[in-house]
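Please walk me through this structure, starting from one side-chain contact and working outwards to the pocket and the cores.

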Amino acid sequence: MRLFLCSHFSSVGSAVEKQIAGKKVLFIPTASIHEGYTGYVGSARKLFKKAGALLTEIDISSEEFSKIKTLFDDADVIYFTGGNSFFLIDCLRKTGTDKLLKRQLEKGKLFIGESAGAIVCAPTISYIEKMDPIPKDYSQSDYAGLKLIDFYILPHYLTAPFKKATEQIMQAFPTLEICAINNSQAVIIEDGKRTIISVE
């Protein structure tokens, strides 16, 4: 499985520029669609285009599953933006896209998850509630994540406007294997090996 997990893709995406150049990237902004600020979505879109990626955009919360499946099958790279982690995992599980995604990643496709897109890879996302409010219409009976990794990404560590929230999360879950990263860092997982990189 090949994963590139980060806080802020436009700050660190240069690290995977060669892997996305000329590739078909499925760009999924679903986590961001109810957020007030979405500047990170536009900056990520620009970086992909600058790198020569071929972008196709889809919102899994409103699209037919058959179309989602077709686009997942066709993509070389699957990218999830930041936004609300609980809304994103709810959409993934409700639509069956969670299982579809896992099958695609087993084929060796590159997964890029930014902020919420990285958080949902964990075994559970309950730890992130101080950063992300749980939507009133959340439909799952638990807060299980995708279980693509066996640790917990904490994005935007000590970075405004999440400085206080990330400090509180670290203090509240001392026994959880939290991997805290700032906006200039990313976690790369390949062949079961985890590497943290910094992009200046």
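**From one contact outwards**

In this predicted model, the side chains of His156 and Ser115 form a polar contact at 2.8 Å. His156 itself sits in the loop that runs between β6 (152-154) and α8 (163-172). With a relative accessible area of 8%, His156 counts as buried, because that value falls under the 20% cut-off. When residues up to four places away in sequence are set aside, His156 touches Ser7, Ser115, Met131, Phe162, Thr166, Ile181 and Asn183.

The next step leads to the largest pocket, whose volume is about 410 Å³. Its lining is made up of 22 residues, and those closest to the centre of the pocket are Tyr37, Tyr40, Ser115, His156 and Phe162, so that both partners of the polar contact described above appear in that group. By character, the lining residues divide into nine nonpolar, ten polar and three charged.

From the pocket we turn to the nonpolar cores. In soluble globular proteins, nonpolar side chains tend to be buried together. Here the largest nonpolar core has 47 residues, and Leu5, Phe72, Phe80, Phe111, Ile128 and Ile153 are those with the most contacts inside it. Helix α5 (residues 85-95) supplies the largest share of this core, namely six residues. A second core, separate from it, has 22 residues, including Val25, Ala44, Val77 and Ile112.

Phe111, one of the residues with the most contacts inside the largest core, gives a view of such surroundings: apart from its neighbours within four places in sequence, Phe111 is in contact with Arg2, Leu3, Phe4, Leu5, Ile78, Phe80, Leu101, Leu105, Gly117 and Cys121.

How values were computed. Residues are numbered from 1 along each chain as its sequence is written. This is a predicted model: local features need pLDDT of at least 70, side-chain atom pairs count only at pLDDT 80 or more; totals for chains, interfaces and linings use all residues. Side-chain values use heavy atoms; hydrogens and water are left out. A nonpolar core is a set of buried Ala, Val, Leu, Ile, Met, Phe, Trp, Tyr and Cys residues joined through side-chain atoms within 4.5 Å. Buried means under 20% relative accessible area, exposed over 50%, partly exposed in between (1.4 Å probe, protein chains only). Helices (H or I, at least four residues) and strands (E, at least two) are DSSP runs, numbered from the N terminus. Contact means heavy atoms within 4.5 Å. On a 1 Å grid over the protein atoms alone, a cavity is a set of points where a 1.4 Å probe fits but cannot get out, and a pocket is an open set with protein on both sides within 12 Å along at least five of seven lines; lining residues have an atom within 4 Å of a point. Grid points are joined across faces, edges and corners, and a volume is the space filled by probe spheres set on the points. Ala, Val, Leu, Ile, Met, Phe, Trp, Tyr, Cys and Pro count as nonpolar, Asp, Glu, Lys and Arg as charged, and the others, Gly among them, as polar. A polar contact is a pair of N or O atoms within 3.5 Å; within protein, one must be able to donate a hydrogen and the other to accept it, and residues adjacent in sequence count only if both atoms are side-chain atoms.
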